[in-house]
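Welcome! Here is a friendly briefing to read alongside the sequence and the 3D view.

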Amino acid sequence: MLKEFTIHTPRKGFIDITSQVADLLRQNQGEKNLCQVFVSHTTAGVTINENADPDVIKDMLLALNHMVPELDYQHSEGNSRAHVKASMIGSSVTIPILNGSLHLGTWQGIYFCEFDGPRKRKVCVTIL
């Protein structure tokens with residue numbers, strides 16, 4: 001099963017999409033083993049991290065901004081930092097499915113990472 005959903009990112013940052021992915025999983029009955037979440041954008045990514053303390057994602061953004069500083073980049077659109085951060089984070093994550101649910105750790109959530117927003121973005125979810 002392959003499904004897609006759209007999110008409107010209000011600004012740069014991390015957006016918890018765990019519930020949207022879990023909803024798609026619940027809609028698809030049958031034997032399942034893996035869930036892949038893929039982002040088809042070059043200035044956005046997807047990751048799994050703690051979803052209990054909102055300071056974690058603030059710290060992630062702080063660290064990414066430190067690692068990818070404002071420089072005189074060559075890309076004429078002015079969003080080179082977003083491209084670099086998206087490559088560092090990656091465009092997909094794979095989550096095991098156990099007893100019909102995402103088998104995430106107690107504190108884990110799935111985050112869409114917007115590095116060039118606000119934007120209208122698509123997230124592709126494949127249930128294998």
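Which residue in S8 is the bridge partner of valine 37? The partner is valine 125. You are looking at a predicted model, in which local features need pLDDT of at least 70 and side-chain atom pairs count only at pLDDT 80 or more, while totals for chains, interfaces and linings use all residues. Residues are numbered from 1 along each chain as its sequence is written, and side-chain values use heavy atoms, with hydrogens and water left out.

**Overall picture**

- Three helices and eight strands make up the secondary structure of the chain; these are DSSP runs numbered from the N terminus, with helices being H or I of at least four residues and strands being E of at least two.
- Following the sequence, you meet the elements in the order β-β-α-β-β-α-α-β-β-β-β.
- The radius of gyration is 15 Å, which agrees with the value near 14 Å for a compact globule of 128 residues; this radius is taken over C-alpha atoms, and the globule rule is 2.2 Å times the number of residues to the power 0.38.
- The C-alpha trace spans about 50 × 30 × 20 Å along its principal axes.
- Of the 128 residues, 41% are buried; buried means under 20% relative accessible area, exposed means over 50%, and partly exposed lies in between (1.4 Å probe, protein chains only).
- Accessible surface adds up to about 7400 Å², and carbon and sulfur atoms account for 50% of that; the areas come from the Shrake-Rupley method with a 1.4 Å probe, and for residues only the protein chains shown count as cover.
- Taking contacts between residues at least 6 apart in sequence, 81% join residues at least 24 apart, where contact means heavy atoms within 4.5 Å.

**The five-stranded sheet**

- Five strands form an open sheet in the order S1-S8-S3-S5-S6, with antiparallel pairing; two strands pair if DSSP finds at least two bridges between them.
- S1 and S6 (101–102) are the edge strands, each with a single partner strand, so one side of each has no neighbour in the sheet.
- S1 (residues 2–9) runs antiparallel to S8 (residues 119–127), and eight bridges join them; leucine 2 has threonine 126 as its bridge partner in S8.
- S3 (residues 34–39) also pairs with S8 in the antiparallel sense, over five bridges; here valine 39 has valine 123 as its bridge partner.

**Two neighbours in helix H3**

- Lysine 85 belongs to helix H3 (residues 80–89).
- Lysine 85 is buried but has no salt bridge, and the nearest side chain of opposite charge, glutamate 70, is 7.2 Å away; for charge, Lys and Arg count as positive and Asp and Glu as negative, while His and the chain ends are not counted.
- Beyond its neighbours within four places in sequence, lysine 85 is in contact with Leu64, Asn65, Val68 and Phe115.
- Alanine 86 lies in H3 too, and its 7% relative accessibility makes this alanine buried.
- Beyond its neighbours within four places in sequence, alanine 86 is in contact with Thr42, Thr43, Ala44 and Phe115.
- Alanine 86 and cysteine 113 are 27 residues apart along the chain, yet their C-alpha atoms are separated by 7.8 Å.

**Salt bridges**

- The count is six salt bridges, each defined as a side-chain nitrogen of Lys or Arg within 4 Å of a carboxyl oxygen of Asp or Glu.
- Arginine 81 and glutamate 70 form one of them, at 2.8 Å from N to O.
- This pair links distant parts of the chain, with arginine 81 in helix H3 and glutamate 70 in the loop between H2 and H3, 11 residues apart.
- Arginine 81 is buried at 18% relative accessibility, whereas glutamate 70 is exposed at 62%.
- Aspartate 55 and lysine 58 form a salt bridge, with their closest N and O atoms 3.7 Å apart; both lie in helix H2 (residues 55–67), three residues apart, about one turn of the helix.
- Aspartate 116 and arginine 119 form another, with the closest N and O atoms 2.8 Å apart; aspartate 116 is buried at 13%, and arginine 119 is partly exposed at 39%.

**Backbone details**

- Most residues other than glycine have a negative phi, and most peptide bonds are trans.
- Asparagine 99 has a positive phi, near 55 degrees, and is found in the loop between S5 (92–98) and S6.
- Asparagine 99 is exposed, with a relative accessible area of 76%.
- Glycine 117 and proline 118 are joined by a cis peptide bond, with omega about 5 degrees; proline 118 sits in the loop between S7 (108–114) and S8.
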